[in-house]
Number of protein chains: 2
Amino acid sequence: MFSIGQLAKSAGVKPPTIRYYEEIGLIAPIERTEGGQRRYDHDGLARLAFIRQARDLGLSIAMIRDLISVGENRDAPCARAHELARTHLDLVRARMLRLQKLEAELARIAGAADEGVAETCQVLAALADGAPSPPDASDSGRIRSSKAA
Amino acid sequence: MFSIGQLAKSAGVKPPTIRYYEEIGLIAPIERTEGGQRRYDHDGLARLAFIRQARDLGLSIAMIRDLISVGENRDAPCARAHELARTHLDLVRARMLRLQKLEAELARIAGAADEGVAETCQVLAALADGAPSPPDASDSGRIRSSKAA
DNA sequence: TTAATCTCTCTAGTAACTAGAGGTTCAAGG
DNA sequence: CCTTGAACCTCTAGTTACTAGAGAGATTAA
């Protein structure tokens, strides 16, 4: 039997986070003491560890919820879990591409600052570079990177 | 003179986003019409473009605010801008490392699902692997991914 | 002039927590 | 047994960077 604090320490999260997970239906204590305090068993610990691990890997709560229900529903789980992993892998790769571009850009910017003549700082100009085209009726479609990295 | 909609279209954002930027003090219209509608000039457009560009590169609003004030204050700007870019570059590189690990992990997971015997799905087990560090009082530096990717 | 399209403000919602107030319970020591 | 102090409880509100919608007023083209 673990208190919420022990569980929290084991999984490397804070107690409020566990309460939050409970509130959104990810994890529940096996019981409460007479006084109303939460008590967890090893299953609870494992579950929290799983959630934490998945979060640290960058999975969203929604995805974790999905994985958990897949795990509990032993009917046709594997294909679904596989699909989830794949989807997330795609997301991650897209993110990495964006970050790589960003890294190059920032390196350029920092470099510009290094080399720049003291008086004319290039950093801001560098940042402004590659900015959007001026207002123009031909609006077609500007691609927003939306859900930023 | 641009309306908020024209500005939005030019910069690839939605009007509410511009109002939001105004609310938090990033950008303001040069004037309002008699009827109270916002009007912007080319400076406004440039500023919004700058903000958008920086956001797309992953900079936080706080950092952008900093850069803007640096840009407006022509005293000792370059060192500061340089510092900001460097800081952000470090952040980005740390993020990329995490994402690389994540990518490997997910590839492994997806692979496990591919190869897995149909009955024993390895995905969930794979996710649970490499779980948390054991409970430990010296909890000083657990690196939480906090401000997620 | 009229209709269509914008725009206005305001409120509330999103993700994934974190922080704090004010009060209760638990476990250990005397 | 009783007290202390740490841990726990619930609840509200704040964070970041927006997005969505309601209901009303402004602008513009035909």
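A residue counts as near a molecule or strand when its C-beta atom, placed from the backbone, lies within 6 Å of that partner, and this tour of a predicted model begins with that idea.

Select DNA strand D and then the residues around the strand: 22 residues surround DNA strand D, and the closest of them are S3(A), G5(A), T33(B), G35(B) and I61(B). Two or more residues of this surface come from each of α1 (4-11) and α2 (15-23) in chain A, and likewise from each of α2 (15-23) and α4 (61-72) in chain B. If you colour the surface near DNA strand D by class, you will find 6 nonpolar, 11 polar and 5 charged residues.

Next, select chain A as a whole, where 6 helices and 2 strands are present, and follow the chain from the N terminus through the order α-α-β-β-α-α-α-α. Of the 149 residues in chain A, 34% count as buried. Among the contacts of chain A with a separation of 6 or more, 39% join residues that are 24 or more positions apart.

Now narrow the selection to helix α4 (residues 61-72) of chain A, whose 12 residues should span 16 Å at 1.5 Å a residue; the end C-alpha atoms are 16 Å apart, so the expected and modelled spans agree. Within α4(A), pick out I64(A), L67(A) and V70(A), which are the buried residues of the helix. Turn the view to look down the axis of α4(A): the buried residues fall within an arc of 120°, and therefore they line one face of the helix. An α-helix has 3.6 residues a turn, so residues three or four places apart point the same way. To finish, rotate to the other side of α4(A), where A62(A), S69(A) and E72(A) are exposed.

Terms used: Residues numbered from 1 in each chain as written. Chains lettered and ligands numbered in written order. Predicted model: local features only at pLDDT ≥ 70, side-chain atom pairs only at ≥ 80, totals over all residues. Helix = DSSP H or I, 4+ residues; strand = E, 2+ residues; numbered from the N terminus. Nonpolar A, V, L, I, M, F, W, Y, C, P; charged D, E, K, R; others polar. Expected span 1.5 Å × (residues − 1). Buried ≥ 20, exposed ≤ 12 C-beta atoms within 10 Å, placed from the backbone. Arc of directions from axis to C-beta. Contact = placed C-beta atoms within 7 Å.
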